[in-house]
Amino acid sequence: MAETPTTRRTPESLTVHAKSRVLELRFTDGAQFRIPFELMRVYSPSAEVQGHGPGQEVLQTGKRDVGITALVPVGSYGVQPHFSDGHESGIFTWDYLYQLGEQQERLWQAYEARLAAAGVGRDTPMPEAAGGACGHSH
């Protein structure tokens, strides 16, 4: 189904699978996705991950075993996952979750290319933050 500006993608079911670490969604248009928590965490829409502008993205590593400890509804348009590593500032809209599900393969490839370019692996621990340079407390 082609998305138009008036199309609103909403899930009719959403299940957190803690053991397999995936978020399972079924949308009203029939699309179904199983999105790994790791993918959600490394592509979190938060400023902490995305930065405050192009080129300010922060490469996330060491997130393979991240869990979701809570999934808080945000209005009627999304959820705010609380990840086991303490990250909880990203709001995932239904459209963003749909994109993550639909583009999983491409996103994994892009992530692995960024890791390779940085000379790190998925399981490399995140470097310690040097302070709140962006002015937010994280």
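Two strands pair if DSSP finds at least two bridges between them. That rule is applied here to a predicted model, beginning with strand β5 and its neighbours.

Strand β5 covers residues 78–83, and 5 of its 6 residues are buried. On one side β5 is joined to strand β4, residues 68–74, by 6 bridges, and these two strands run antiparallel. Within this pairing, Leu71 stands opposite Pro81 of β5. The hairpin made by β4 and β5 has 3 residues between the strands, and Gly75 there takes a positive phi near 55 degrees. Strand β5 also pairs with β6, residues 92–93; the two run antiparallel and are joined by 2 bridges. Here Gly78 stands opposite Thr93 of β6.

The strand β5 also contributes to the nonpolar interior. The largest nonpolar core has 25 residues, and those touching the most other members are Ile35, Met40, Tyr43, Phe92, Leu97 and Leu100. Two or more residues of this core come from each of β2 (22–27), β3 (32–36), α1, β5, α3 (94–102) and α4. Helix α3 provides the largest share, 5 residues. The surroundings of Met40 can be listed in detail. Leaving out residues up to four places away in sequence, Met40 touches Leu23, Ile35, Ile68, Pro81, Phe83, Phe92, Leu97 and Leu100. One of these contacts, Pro81, is the residue that Leu71 stands opposite in the strand pairing.

Charged side chains make a further set of links. The model has 7 salt bridges, and three of them are described here in turn. In one, the side chains of Glu38 and Arg122 meet with an N to O distance of 2.4 Å. Glu38 lies in helix α1 (residues 37–42) and Arg122 in the segment after α4 (104–118), so this pair ties together parts that are 84 residues apart in sequence. Is each partner buried or partly exposed? Buried means under 20% relative accessible area. Glu38, at 5% relative accessibility, therefore counts as buried. Arg122 has 21% relative accessibility and so counts as partly exposed.

Another salt bridge joins Lys63 to Asp85, with the closest N and O atoms 2.7 Å apart. Lys63 is in the loop between α2 (47–50) and β4, while Asp85 is in the loop between β5 and β6; the pair links distant parts of the chain, 22 residues apart. Lys63 counts as buried because its relative accessibility is 9%. Asp85 counts as partly exposed because its relative accessibility is 34%.

The loop between α2 and β4 holds a further charged residue, Arg64. Arg64 forms a salt bridge with Asp123, and the closest N and O atoms are 2.9 Å apart. Asp123 lies in the segment after α4, so the pair ties together parts that are 59 residues apart in sequence. Arg64 is partly exposed, with a relative accessible area of 34%. Asp123 is also partly exposed, with a relative accessible area of 47%. Which residues are joined into one network by salt bridges that share partners? They are Arg41, Lys63 and Asp85.

Definitions and conventions:
Residues are numbered from 1 along each chain as its sequence is written. This is a predicted model: local features need pLDDT of at least 70, side-chain atom pairs count only at pLDDT 80 or more; totals for chains, interfaces and linings use all residues. Side-chain values use heavy atoms; hydrogens and water are left out. Buried means under 20% relative accessible area, exposed over 50%, partly exposed in between (1.4 Å probe, protein chains only). Helices (H or I, at least four residues) and strands (E, at least two) are DSSP runs, numbered from the N terminus. A salt bridge is a side-chain nitrogen of Lys or Arg within 4 Å of a carboxyl oxygen of Asp or Glu. A nonpolar core is a set of buried Ala, Val, Leu, Ile, Met, Phe, Trp, Tyr and Cys residues joined through side-chain atoms within 4.5 Å. Contact means heavy atoms within 4.5 Å.
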